[in-house]
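Let's take a friendly walk through this structure, starting with one helix and moving outward from there. Keep the view open as you read.

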Amino acid sequence: MAEELLRLYGSVNAAADYFFTNQHKFASANKKPGDKNKLKAIFKTFADEDDPNVMQEKYGDFLEQIGISEDGIGSFGIPWKLDAKTMGVIEEKEFVHKLSEAGVDSMAKVKAWGKTILKELDTEDGYKEFYKWMFGYLKEDSKRKTIDTEIAVAVWDVIMKEKFSLLDKWLEFLNQETKPKVNRDLWNQLVDFAFFIKDDFSNWDPEGAWPVLIDSFAEW
């Protein structure tokens with residue numbers, strides 16, 4: 001847990017601040033663990049035919065069964081809560097471990113669990129935690145320091161629609177740029193910028209410590 005917080009927040013102080021202001025999230029739950037055999041049976045229903053240990057081809061069917069749009073932010077919220085390691089793939093061990101930990105072991109409970117994720121994504125703290133997790137999820141290789149702009153743009157168009165009022169202008173601006181790679185600093189600070197900036201840029205400070213690309217966007 002400490003390693004994950006450090007990866008998400010970049011420094012020991014920032015990670016510690018988050019932990020101590022959100023201790024309720026890390027408290028040991030008094031829930032009875034979900035039955036892992038029941039979860040394995042559920043997973044088997046949606047597992048790939050050529051590899052029963054992963055869910056990829058039928059992920060859309062799984063989302064439909066639990067009432068989450070395949071085209072919306074919830075389709076990324078599920079991997080976030082399962083702490084999936086590979087983009088577009090849910091492994092059986094991830095599915096069983098995290099849902100059992102959450103006290104889930106039936107489709108009805110999975111559906112209710114999915115709804116709690118959507119509610120958490122509607123909060124600023126929950127959304128920012130999810131958003132910052134996404135950078136590592138989107139990298140094609142754990143050793144990479146950046147993600148391709150094309151991937152970032154496609155994902156921003158899904159996960160920031162309701163959060164960033166200037167999203168269309170941001171994406172238009174990027175289409176006119178030289179498609180620089182997106183590093184963690186730019187990725188993380190964009191969400192802070194999205195919650196901070198007013199539509200008319202009346203609170204914009206050109207001396208602020210924003211990434212160069214965000215500065216360029218503000219001046220565009």
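Our starting point is helix α8, which is largely enclosed by the rest of the structure, because twelve of its 15 residues are buried. Buried here means under 20% relative accessible area, with exposed being over 50% and partly exposed in between (1.4 Å probe, protein chains only). Helices are DSSP runs (H or I, at least four residues), and strands are E runs of at least two, numbered from the N terminus. Before going on, please note that this is a predicted model, in which local features need pLDDT of at least 70 and side-chain atom pairs count only at pLDDT 80 or more, while totals for chains, interfaces and linings use all residues. Residues are numbered from 1 along each chain as its sequence is written, and side-chain values use heavy atoms, with hydrogens and water left out.

Which residues of α8 are buried? They are Gly126, Tyr127, Lys128, Glu129, Phe130, Tyr131, Lys132, Trp133, Met134, Phe135, Tyr137 and Leu138. The length of the helix can be checked too: at 1.5 Å a residue, the 15 residues of α8 should span 21 Å, and its end C-alpha atoms are 21 Å apart, which agrees. The expected span is 1.5 Å times one less than the number of residues.

Now look at what surrounds this helix. The largest nonpolar core has 61 residues, and those with the most contacts inside it are Phe95, Trp156, Phe164, Trp170 and Trp187. Helix α8 (residues 124-138) gives the most to this core, with eight residues. Such a core is a set of buried Ala, Val, Leu, Ile, Met, Phe, Trp, Tyr and Cys residues joined through side-chain atoms within 4.5 Å. Take Trp170: leaving aside neighbours within four places in sequence, this residue is in contact (heavy atoms within 4.5 Å) with Trp156, Phe164, Leu186, Leu190, Leu213, Ile214 and Phe217.

Aromatic rings deserve a closer look, since the structure holds 26 aromatic pairs. The rings of Phe135 and Trp187 have their centres 6.3 Å apart and their planes at 55 degrees, so the pair is tilted. Phe135 lies in helix α8 and Trp187 in helix α11, so this pair ties together parts that are 52 residues apart in sequence. Trp187 also pairs with Trp156: the ring centres are 5.4 Å apart and the planes at 15 degrees, so these two are stacked. Rings of Phe, Tyr and Trp (its six-membered ring) pair if their centres lie within 6.5 Å; planes under 30 degrees apart count as stacked, over 60 as edge-to-face and the rest as tilted. Trp156 lies in helix α9 (residues 149-159), so its pair with Trp187 of α11 ties together parts that are 31 residues apart in sequence.

Finally, turn to helix α7 (residues 107-121). In α7, Val110, Trp113, Gly114, Ile117 and Leu121 are buried. Seen down the axis, these buried residues fall within an arc of 105 degrees, so they line one face of the helix; the arc is that of the directions from the helix axis to the C-beta atoms. An α-helix has 3.6 residues a turn, so residues three or four places apart point the same way. On the other side of α7, Ala108 and Lys119 are exposed. What covers the buried residues of α7 includes α4 (59-65), α5 (74-82), α6 (92-101) and α8, which brings us back to our starting helix.
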